[in-house]
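Let's take a walk through this protein together. We'll begin with its charged pairs and work outward from there.

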Amino acid sequence: MLPQRVGRACHVLLLVLCLSAAEDFDWTTNNHDSFYYGTFPSGFSWGAGSSAYQTEGAWDKDGKGLSIWDVFTHKKGRIFLNDTGDSSCDGYYKVKDDVSLMKELNLKHYQFSISWPRIIPTGIKSDHVNEKGVKFYNVLIDELLENNITPIVTMYHWDLPQVLQEKYGGWQNISMVNYFNDFANLCFERFGDRVKHWITFNNPWSVAVEGYETGEHAPGLKLRGTGAYRAAHHIIKAHAKVWHTYNSHWRSKQRGMVGISLSGEWGEPVDITNQKDIEAAERYVQFYIGWFATPIFHGDYPQVMKDFIGRKSAQQGLGTSRLPTFSSQEKSYIKGTCDFLGVGHFTTRYITQKNFPSTRGSTYFTDRDVAELVDPRWPDPGSEWLYSVPWGFRRLLNFVKTQYGNPMIFITENGVSEKTMCTELCDDWRIQYYKDYINEMLKAIRDGVNVKGYTAWSLLDKFEWDEGYSERFGMYYVDFKNKNKPRYPKASVQFYKRIISSNGFPHQREVENWKRKATETCSTNNHLLAADPLTSHMEMVTEIVVPTVCTLCILISAIFLMFLLRKRN
């Protein structure tokens with residue numbers, strides 16, 4: 001999942017910009033047409049996803065090393081309510097239980113990530129390989145395959161080994177390229193006989209920007225104007241090296257595919273008749289998904305990034321651009337290193353031009369010279385950054401088609417959160433979100449976009465990074481207060497299950513019945529959940545009420561003692 005903040009201003013001094021390689025995409029049309037009833041192509045793969053740090057727990061068990069998220073979350077004030085992923089969903093101990101949930105959903109694939117420090121505790125393969133960690137993923141992969149669920153495996157979903165951060169500065173250092181390649185090679189060696197779909201990085205935008213620019217995410221560095229670009233540069237090189245390693249040493253034997261998962265919000269011009277707004281909207285998208293996709297498909301950064309960051313760097317008096325450069329050899333080495341493109345998408349922004357003088361300092365956000373706007377009518381049930389704007393999904397997919405030669409696409413993240421302290425299984429807003437977004441994906445396929453699979457984000461409620469447990473993306477509710485972490489199906493489980501079984505939306509009356517039946521089911525489950533967690537209630541009594549009573553007793557005793565002392569005096 002990919003979280004981020006709203007309302008960051010962004011800007012530049014130039015008024016004219018030549019569109020870079022987007023001649024085929026028509027920015028002046030809005031495809032906001034009605035709901036389309038129809039089905040997906042035969043063989044379309046339906047799935048759900050998770051990531052290691054967000055769900056596994058067992059942060060220090062069975063030889064696992066520290067990750068940057070273990071360290072980051074243990075620092076007070078970093079995470080909402082000082083939550084951590086120490087135990088999270090306890091997925092490390094619930095493989096069979098969770099795979100049974102997937103089986104109940106009739107999932108065709110499950111997307112999960114491998115924790116680098118769980119199988120290589122220091123991040124350096126020559127130091128030590130943790131066989132207990134390897135065994136855990138072997139068990140998970142085998143359990144999936146026994147239930148006819150295809151594993152789609154991400155090798156990096158943000159949990160860098162802490163040793164590599166401390167010793168080398170993490171993704172600021174070029175040495176990460178070789179260390180990550182060694183880790184990936186171990187994954188291919190141990191799991192590649194059964195895993196045929198590999199994702200090198202999930203949402204590297206968040207790794208770079210929120211880890212090394214804003215400091216909102218681990219490792220929490222604020223290297224404004226340089227840190228994100230340097231981290232991204234090394235991530236792109238690491239991705240390419242891993243692809244070449246697989247291509248040279250494993251592809252002929254294992255016959256799998258290696259891709260990358262890029263997250264991207266859609267940017268729509270505020271005024272589609274205004275050339276500056278059109279240019280600003282494309283700039284927004286190029287600085288987002290294009291930052292990584294353009295080197296991988298075309299060999300170099302988007303021209304607009306090179307132009308804007310280079311010009312702003314010169315205006316700051318810098319001798320070279322803050323955006324690193326690829327050599328000609330590196331460009332040819334990186335170009336084409338993608339068997340499929342993973343696309344994560346959640347929301348959309350309206351974009352307009354906004355200039356920001358470089359004399360006031362530059363960041364990734366100010367380099368773009370754009371302002372982000374939202375329509376107050378857009379639904380926003382959960383995360384402050386996530387508005388439901390389904391038509392933006394189709395627009396983004398068509399942009400990817402025209403920009404990158406219509407690659408094979410898997411949707412690797414798409415979903416919506418809720419932000420509520422109450423237990424709520426009747427998630428009608430999530431049903432509506434999935435219905436509308438999946439339908440826009442179907443329209444994109446009719447447009448000719450080569451989408452092969454869809455991953456609902458996410459299977460379970462889980463740790464949501466800097467927001468802790470205050471936001472829930474899951475189709476299954478997890479009772480985090482209960483030490484057993486029981487899972488309960490929300491209404492969206494039944495709705496998504498019916499989409500899967502029908503491979504789309506067969507006709508209006510049937511689809512309307514799905515929502516009604518799903519709501520009936522969740523109403524029953526709500527009553528069961530309300531009656532069930534006695535253990536959770538007792539834990540609350542011991543964890544909250546008892547300490548409070550003890551505190552009151554101490555205060556009363558202190559007041560009484562002071563009263564006696566005063567009386568004596």
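Search the whole structure and you'll find 32 salt bridges. Keep in mind as you look that this is a predicted model. The idea behind such pairs is simple: side chains of opposite charge can pair when their charged atoms come close.

Start with Asp-369 and Lys-312, whose side chains meet in a salt bridge at 3.3 Å, N to O. Asp-369 sits in the loop between helix 14 (364-367) and strand 10 (370-373), while Lys-312 belongs to helix 12, so this pair ties together parts that are 57 residues apart in sequence. Is Asp-369 buried or exposed, and what about Lys-312? Asp-369 is buried, and Lys-312 is buried too.

Now look at Asp-367 and Arg-322, where the side chains form a salt bridge with N and O 2.8 Å apart. Here again, distant parts of the chain are linked: Asp-367 is in helix 14, Arg-322 is in the loop between helix 12 and helix 13, and the two are 45 residues apart. Both partners are buried.

Arg-322 is worth a longer stop. Its loop runs between helix 12 (303-315) and helix 13 (328-334). Why does Arg-322 count as buried? Its relative accessibility is 10%, and the cut-off for buried is under 20%. The side chain of Arg-322 does something else as well: it reaches the backbone oxygen of Gly-225 at 2.9 Å. So what surrounds Arg-322, once you leave aside its neighbours within four places in sequence? Arg-322 is in contact with Gly-225, Thr-226, Tyr-229, Ile-309, Lys-312, Ser-313, Gln-316, Ser-362 and Asp-367. You've already met one of these, Lys-312, as the salt-bridge partner of Asp-369.

Further along the chain, Asp-427 forms a salt bridge with Arg-430, and their closest N and O atoms are 2.7 Å apart. Asp-427 counts as buried because its relative accessibility is 0%, and Arg-430 counts as buried with a value of 0% as well. This pair doesn't stand alone: salt bridges that share partners join Glu-418, Asp-427, Arg-430, Asp-461, Arg-472 and Lys-490 into one network.

Let's turn from charges to rings. How many aromatic pairs are there? The count comes to 64. Take Trp-291 and Tyr-364: their ring centres are 5.2 Å apart and their planes lie at 20°, so the pair is stacked. Trp-291 is in helix 11 (residues 275-298) and Tyr-364 is in helix 14, which puts them 73 residues apart, so to speak, in distant parts of the chain. Trp-291 is buried at 0% relative accessibility, and Tyr-364 is buried with a relative accessible area of 0%.

For another arrangement, find Trp-378 and Tyr-387. Their ring centres are 6.3 Å apart with the planes at 65°, so this pair is edge-to-face. Trp-378 is buried, with a relative accessible area of 9%, and Tyr-387 counts as buried at 13%. Rings can also gather in groups here: ring pairs link Phe-40, Phe-44, Trp-46, Phe-393, Tyr-433, Tyr-434, Tyr-437, Tyr-454 and Tyr-496 into a cluster.

Charges and rings come together in a couple of places too. The charged end of Lys-253 sits over the ring of Trp-250, 4.7 Å from the ring centre. Lys-435 lies over the face of Phe-35, at 5.0 Å from the centre of that ring.

Next, visit Gln-254, which is found in helix 10 (residues 251-254). Gln-254 counts as buried because its relative accessibility is 9%. Compare its place with that of Glu-189: the two are 65 residues apart in sequence, yet 9.8 Å apart in space, C-alpha to C-alpha. Which residues does Gln-254 contact, leaving aside its neighbours within four places in sequence? They are Phe-188, Gly-192, Asp-193, Lys-196 and Tyr-246.

Finally, step back and take in the whole protein. It has 19 helices and 15 strands. Buried residues make up 60% of its 569 residues. Among contacts between residues at least 6 apart in sequence, 79% join residues at least 24 apart. As for the surface, the protein exposes about 22,100 Å², with carbon and sulfur atoms supplying 54% of that area.

Key: Residues numbered from 1 in each chain as written. Predicted model: local features only at pLDDT ≥ 70, side-chain atom pairs only at ≥ 80, totals over all residues. Heavy atoms only, no water. Helix = DSSP H or I, 4+ residues; strand = E, 2+ residues; numbered from the N terminus. Buried < 20%, exposed > 50% of the residue type's maximum accessible area, 1.4 Å probe, protein only. Contact = heavy atoms within 4.5 Å. Areas by Shrake-Rupley, 256 points an atom, 1.4 Å probe, with all protein chains shown as cover. Polar contact = N/O pair within 3.5 Å; in protein donor to acceptor, adjacent residues only side chain to side chain. Salt bridge = Lys/Arg side-chain N within 4 Å of Asp/Glu carboxyl O. Phe/Tyr/Trp six-rings, centres within 6.5 Å; stacked < 30°, edge-to-face > 60°. Lys NZ or Arg CZ within 6 Å of the ring centre and 35° of its normal.
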